[in-house]
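Got the viewer open? Take this tour one selection at a time, and keep the sequence panel handy.

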Protein chains: 2
Amino acid sequence: MSKERLCLYDTTLRDGQQTQDVQFSTEEKQQIARALDALGVDYIEGGWPGANPTDNAFFDAAPKTTAKMTAFGMTKRPGMSAQNDDVLAAVLNAGTGSVCIVGKTHDFHVETALGITLEENLVLLKESIAHIVASGREALFDAEHFFDGYKANPGYALDCLKTALEAGARWIVLCDTNGGTLPAEVHEITRAVIAAGIPGDQLGIHTHDDTENAVACSLAAVDAGARQIQGTLNGLGERCGNANLTALIPILMLKEPYASRFETGVSLKALKGLVRTSRMLDEILNRVPRKQAAFVGASAFAHKAGLHASAILKDPSTYEHIDPALVGNARIIPMSNQAGQSNLRKRLSEAGLKVEKGDPALGRILEEVKAREAEGYAYDTAQASFELLARDALGQMPEYFEVKRYRVTVERRKNKYNKMVSVSEAVVVVKVDGEKRLSVSESMDEAGGDRGPVNALAKALSKDLGQYSGMLEDMRLVDFKVRITQGGTEAVTRVIIDSEDGAGQRWSTVGVSANIVDASFEALLDAIRWKLVRDLDGASV
Amino acid sequence: MSKERLCLYDTTLRDGQQTQDVQFSTEEKQQIARALDALGVDYIEGGWPGANPTDNAFFDAAPKTTAKMTAFGMTKRPGMSAQNDDVLAAVLNAGTGSVCIVGKTHDFHVETALGITLEENLVLLKESIAHIVASGREALFDAEHFFDGYKANPGYALDCLKTALEAGARWIVLCDTNGGTLPAEVHEITRAVIAAGIPGDQLGIHTHDDTENAVACSLAAVDAGARQIQGTLNGLGERCGNANLTALIPILMLKEPYASRFETGVSLKALKGLVRTSRMLDEILNRVPRKQAAFVGASAFAHKAGLHASAILKDPSTYEHIDPALVGNARIIPMSNQAGQSNLRKRLSEAGLKVEKGDPALGRILEEVKAREAEGYAYDTAQASFELLARDALGQMPEYFEVKRYRVTVERRKNKYNKMVSVSEAVVVVKVDGEKRLSVSESMDEAGGDRGPVNALAKALSKDLGQYSGMLEDMRLVDFKVRITQGGTEAVTRVIIDSEDGAGQRWSTVGVSANIVDASFEALLDAIRWKLVRDLDGASV
């Protein structure tokens, strides 16, 4: 049986830009458009030509895409002809093959927000759509507040849709603009719309996540017969965001009943790039990727419960609803005080440490992890520190060098221009190759900016480690996270440091102390020890 | 018509703790339990007694709650009697009135994960539930992987439920453990379960957010007749999280058809505390609150689109599906316009600062807040620092003293017992009453423990401030939060300090710098300046 086609309409560049704190540059819009096109969506709504300089610049130099590039706008304003409305003219002037315009279908909004009669609004819809079609473009109609409008006055709301359809709109899109409609209602009303004569294969759905149901509402509309879904990458959008295409695409392609029944423009190969596309958008927005995001989050296939982890080892399908590789994601079995021995052995073997089932060292390691987590350590993320702890317990950790003492000074005073400036200085004393070595560094970066005491300490610590110094040259600190947490009864500081080297290895270490400098130093020390153990023992990553 | 009762079962302290990177302390669990009880949930699943020391300590001193405190565990292990299973015994020994145990209902899991026959599993379910009931407890049965089990072998999955019901379980909870079942299927299978004889008012639903449908799946089960909903605050939980009670509670209470048909244990008054409860959990986890979260997110009622914002001014119901005040949230309209300024005046008057409408100082303060927030400052929580910033802009901030310079030293070395110890020392030089004063303090507490450089700095700073010293004696630092954030293009450290005084006042201040000691010092300085301004100006709190 041949599959039915579902159409994907992306509005990351338009409704996604309505997200609080989001403001794309023209270059970023181009980058996102190319990524969307590579993914395989059918439409890319690029913005509202005429509404702001960025959107104008984007359409002036829009990338060539297989997806239909679409300009967004609104119906012509009352009191002038479609031909004479300069706002609508600006939208058409963007020269896109497809044009999507939003218009009213809710009687309350027609009368309150537009201040015109219901009949005048129908004329306005008809003329606006007809004008777009007459310009040789494909017209889409975003029926604003459709669900609220239908509940208030179903006859009028349907008349608006029919008017747009008869005027030549290719797609009629039911918009839940306020995001307040729940899935069962979306299902019921979408069915009623189709029953009233709007063909399902000309019907789209546009939802918002104000009740955390945007994905479910989109599915409910598809179940009822709609064949276009509007949404955004990572669920960006006004208020709580739009329907999240990053969740909807894998659902439609991998989950039943959709996978067997429908096809989209996204290939299974492109789907493997989904995590990468999601991260790219977060990079552009300088957002920390949401770990718990469905399908693409770093935690989406992380199995923390001991019961789950041990079953996963027998058969991943026991606790995974899809294979994470299908969307470019990966399984994680984190360490925690809920983890069982099987989880532990798996994690040790990932670190190149083979330990037999039943080895008493397993119990010792678990005890040590539990005791340290009670002090405030966290080994879920700090895999490298976990590995060092295990090596210590197994007697497989060489002592490359010993830190005898250190001292850090932070000083803030006026400089010669009478401006307050800070500088930190660190002295570290280590014993390596049987010799005592003193190193001193300060916290200034090349630009003369103060990077603080931890930076000074990191530099002094790695400055002279004898035979090991060469191995640390390509290592750098890429992230530094601090949390105040509870260690026993006292508040302590937990520091997690992410490091990277020239070979592209990235590893996380943890330090805990009431003293933030001490906690940082401990994490730094672990970072260096792990790098040495990997490079010298040649353990597989 | 009287309303039907829906039962809310919270598992933040158990399944929520399965979130990657989440590890509650015993005190934090107690704090969360009290907040859940104040909110009005029916059950609080406190953890798995016997699984880890934190959960044991929590049940040893569990807070007295109106909600039923519930211990979680698993069915007895094969090959021993329920009486002789020490894992199950540990769960019962927690002494809770309600006990929830998870057991298998999916034939594949019975055979693959447990390695026993289908018949043996039924016996095991029966004996485990019967043992709990015989111990005088209320029993709940979490039917693990129920939906997958039902699809694979409906007869067997239903037999498992019937066995648990007949053995005396008060609630049978259908768990979508892998999170892969979609809403329509949850609806259909839940109906089938009820049709097969499991009463809806003994039926619960437990979903996960792996397809972003956990809330919708919970609603689908309620639509089909289930009357208990399991979930977590802020949707914490294994992998992508559990059903988010922070979204479900307002849906059930405020949205149709639920609001008219059902009631829960949450009152409309308690619902107004929802945002506060959500933020409290983020504070404990030191997480940045998710701005786009449904109902409680800072952006949930932020109207960025120009069309929306202008209609909102005419009538908020044009673009809001509920009144934000009902959940303790607030509308946000971009700062630049008139609504922004009236918000600001409100906040200033709360700080005792009267500013006339139209005063150009309002614009200056808004500009300064924007510029500083771009550098990494955050004034949402740091109300005291915001007030100082406003006073500076209004020329209403006296300079009580001036910090000329400071120096902090952190030293780690061996003590006379050959043990590594740390000590920090701070020197602060201030000019007060026209005189220069030098103070020095170290970081040791009474017990000889090192409290770190910020502690030493705080002590030295407040040690000798001339005429002001007396006013600072009752002031103490009660919380200290550190976050790495973005200031312009560089990563900077943001420190938020909470202080308290003898009169019970509590205030928050913020400092930002690439240098964590500097950032802390700035926040400390603000804390002292705010205390002096309040005590000397007598401004009302």
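**First stop: the barrel in chain B**

Select chain B and pick out strands β2-β3-β4-β5-β6-β7-β8-β9: in that order, these 8 strands close into a barrel, and their pairing is parallel. Going from one strand to the next, the twist averages 25°. Keep in mind as you look around that this is a predicted model.

Now zoom in on a pair of neighbours. Select residues 68-74 of chain B, which is strand β4, and residues 98-104 of chain B, which is strand β5; the two pair in the parallel sense over 5 bridges. Which residue of β5(B) does B:Phe72 stand opposite? Click on B:Cys100 and you have found it.

Add residues 53-60 of chain B to the selection. That's helix α2 of chain B, and it lies across β3 (43-47) and β4 of chain B. Helix α2 of chain B runs at about 135° to β3(B).

**Second stop: chain A as a whole**

Switch to chain A and step back for an overview. You should be able to find 19 helices and 16 strands in chain A. The C-alpha atoms of chain A fill a box of roughly 90 × 65 × 45 Å along the principal axes. Chain A has 541 residues, and 53% of them count as buried. Take the contacts in chain A between residues at least 6 apart in sequence: 67% of these join residues at least 24 apart.

Try colouring chain A by its domain assignment, which gives domain 1 (4-266), domain 2 (306-372) and domain 3 (401-456). How many Å separate the C-alpha centres of domain 1 and domain 2 of chain A? The distance is 45 Å.

**Third stop: a lysine and a helix in chain A**

Select A:Lys304, which sits in the loop between α13 (274-285) and α14 (306-314) of chain A. Is A:Lys304 buried or exposed? A:Lys304 has 25 other C-beta atoms within 10 Å, so this lysine is buried. If you'd like a distance to draw, connect the C-alpha atoms of A:Lys304 and A:Thr211: they are 28 Å apart in space, with their positions 93 residues apart in sequence.

Next, select residues 341-350 of chain A, helix α15. The buried residues of this helix are A:Asn343, A:Leu344, A:Arg345, A:Arg347 and A:Leu348. Just after α15(A), stop at A:Gly352, where phi is positive, at about 80°.

**Fourth stop: where the chains meet**

Show both chains together. On this interface, 81 residues of chain B are in contact with 85 residues of chain A. The largest share of chain B's side, 9 residues, comes from strand β11 (residues 401-414) of chain B. Colour chain B's side by class and you get 29 nonpolar, 28 polar and 24 charged residues.

Now select residues 401-414 of chain A as well. This is strand β11 of chain A, and 7 bridges join it to β11(B), with the two strands running antiparallel. Two bridge pairs to click on are A:Val408 with B:Val410 and A:Arg412 with B:Tyr406.

Widen the selection to see an open sheet of 6 strands, in the order β13(A)-β12(A)-β11(A)-β11(B)-β12(B)-β13(B), with antiparallel pairing. At the edges are β13 (435-442) of chain A and β13 (435-442) of chain B, each pairing on one side only. Ignoring direction, neighbouring strands of this sheet are turned by 10° against each other on average.

Two helices that pack on this sheet are worth adding. Helix α18 (residues 453-463) of chain A touches β11, β12 (420-432) and β13 of chain A, and its direction makes about 30° with that of β12(A). α19(B) touches β11 and β12 of chain A together with β11 of chain B, and its direction makes about 135° with that of β11(B).

**Last stop: a helix pair in chain B**

Stay with helix α19 of chain B (residues 516-537) and add helix α17 of chain B (residues 383-393). The two pack at an angle of about 70°, with their axes 9 Å apart. α17(B) and α19(B) are therefore roughly perpendicular to each other. Show side chains for the contact: B:Ala384, B:Ser385, B:Glu387 and B:Leu388 come from α17(B), while B:Asp526, B:Ala527, B:Arg529 and B:Trp530 come from α19(B). By class, the residues of this contact are 4 nonpolar, 1 polar and 3 charged.

Technical notes: Residues numbered from 1 in each chain as written. Chains lettered and ligands numbered in written order. Axes fitted to C-alpha atoms, helices over the stretch in contact; angles between N-to-C directions. Helix = DSSP H or I, 4+ residues; strand = E, 2+ residues; numbered from the N terminus. Parallel < 35°, antiparallel > 145°, perpendicular 65-115°, else oblique. Contact = placed C-beta atoms within 7 Å. Nonpolar A, V, L, I, M, F, W, Y, C, P; charged D, E, K, R; others polar. Buried ≥ 20, exposed ≤ 12 C-beta atoms within 10 Å, placed from the backbone. Pairing = 2+ DSSP bridges. Domains from an automatic or database assignment.
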